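Here's a quick tour of a protein chain, written for someone who'd rather look at geometry than read a long preamble. Have the viewer open and follow along.

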Amino acid sequence: MPQFVKAAKTDEIQPDTCLGVKVEGVFVGIYNIDGQYYAMNNICPHLGGMLSYGFLEDNLITCPLHMWEFDVKNGKCVWPENERLPTYPVKVEGGDILVDVDSPQLAE
Ligand code: FES
């Protein structure tokens with residue numbers, strides 16, 4: 001059963017920006033890519049960098065510590081390959097962004 005929890009307000013995350021939040025104890029980065037919101041685990045699997053402090057270009061976030069790069073739409077690491085992070089379902093209700101951290105999804 002999905003458990004969507006309010007994580008942010010839409011006006012806090014302008015297009016092509018992101019925000020790091022904590023949702024039920026999980027660090028999540030919420031990304032606004034062309035008006036669509038995506039949620040991905042915010043802790044870099046390399047050495048724990050906070051990805052939302054990184055550099056966002058299109059749908060790719062680059063870790064601020066050692067430059068690993070992730071596709072925020074599916075959690076796949078594009079450099080280096082073979083790493084990935086969970087993403088989470090997102091929905092918008094009114095001006096609220098809700099995230100379901102109980103339903104993590106890992107790309108193939
Ligand atoms: S902690 Fe993210 S690349 Fe090293």
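## Strand after strand

Going along the sequence, the chain reads β-β-β-β-β-β-β-β-β-β-β. That comes to 11 strands and zero helices. Keep in mind that this is a predicted model.

## Overall dimensions

The radius of gyration of the protein chain is 13 Å, which agrees with the value near 13 Å that a compact globule of 108 residues would have. If you align to the principal axes, the C-alpha atoms fill a box of roughly 35 × 30 × 20 Å.

As for packing, 31% of the 108 residues count as buried. Take the contacts with a sequence separation of 6 or more, and 39% of them link residues 24 or more positions apart.

## The nonpolar core

The largest nonpolar core has 25 residues, and the members touching the most others are Ala 7, Val 28, Ile 30, Ala 39 and Val 99. Five strands each put in at least two residues: S1 (5–9), S2 (17–23), S3 (26–33), S4 (36–41) and S11 (96–99). Which strand gives the most to this core? That's S4, with four residues.

Val 28 is a good residue to click on. Leaving out residues up to four places away in sequence, Val 28 touches Ala 7, Val 21, Val 23, Ala 39, Asn 41, Asn 42, Tyr 88, Val 99 and Val 101. Ala 7, Ala 39 and Val 99 on that list are also among the core members that touch the most others.

## A three-stranded sheet

In general, strands of a sheet pair through backbone hydrogen bonds, in either a parallel or an antiparallel way. Here, three strands make an open sheet, ordered S1-S11-S10, with antiparallel pairing. S1 and S10 (90–93) are the edge strands, each pairing on one side only. From one strand to the next, the twist averages 35°.

Zoom in on S10 and S11 and you'll find four bridges, antiparallel again. To pick out one example, Val 92 has Ile 97 of S11 as its bridge partner.

## Backbone oddities

If you're setting up a simulation, you may want to look at these spots. What is the geometry of the peptide bond from Trp 79 to Pro 80? The bond is cis, with omega near -5°. Pro 80 sits in the loop between S8 (77–79) and S9 (87–88).

Positive phi values turn up at residues that aren't glycine, including Asp 16 at about 65° and Met 67 near 75°. Asp 16 belongs to the loop between S1 and S2, while Met 67 is in the loop between S6 (60–62) and S7 (69–71). Asp 16 counts as partly exposed because it has 14 C-beta neighbours inside 10 Å. Met 67 has 12 other C-beta atoms within 10 Å, so Met 67 is exposed.

## Two loops, one meeting point

Asp 16 comes up once more, this time together with Asp 58. Asp 58 lies in the loop between S5 (55–57) and S6. Is Asp 58 buried or exposed? Exposed, because Asp 58 has 11 other C-beta atoms within 10 Å.

Along the chain, Asp 58 and Asp 16 are 42 residues apart, yet 6.9 Å separates their C-alpha atoms.

Terms used:
Residues numbered from 1 in each chain as written. Predicted model: local features only at pLDDT ≥ 70, side-chain atom pairs only at ≥ 80, totals over all residues. Core = buried A, V, L, I, M, F, W, Y, C linked by C-beta atoms within 7 Å. Buried ≥ 20, exposed ≤ 12 C-beta atoms within 10 Å, placed from the backbone. Contact = placed C-beta atoms within 7 Å. Pairing = 2+ DSSP bridges. Axes fitted to C-alpha atoms, helices over the stretch in contact; angles between N-to-C directions. Rg over C-alpha atoms; globule rule 2.2 N^0.38 Å.
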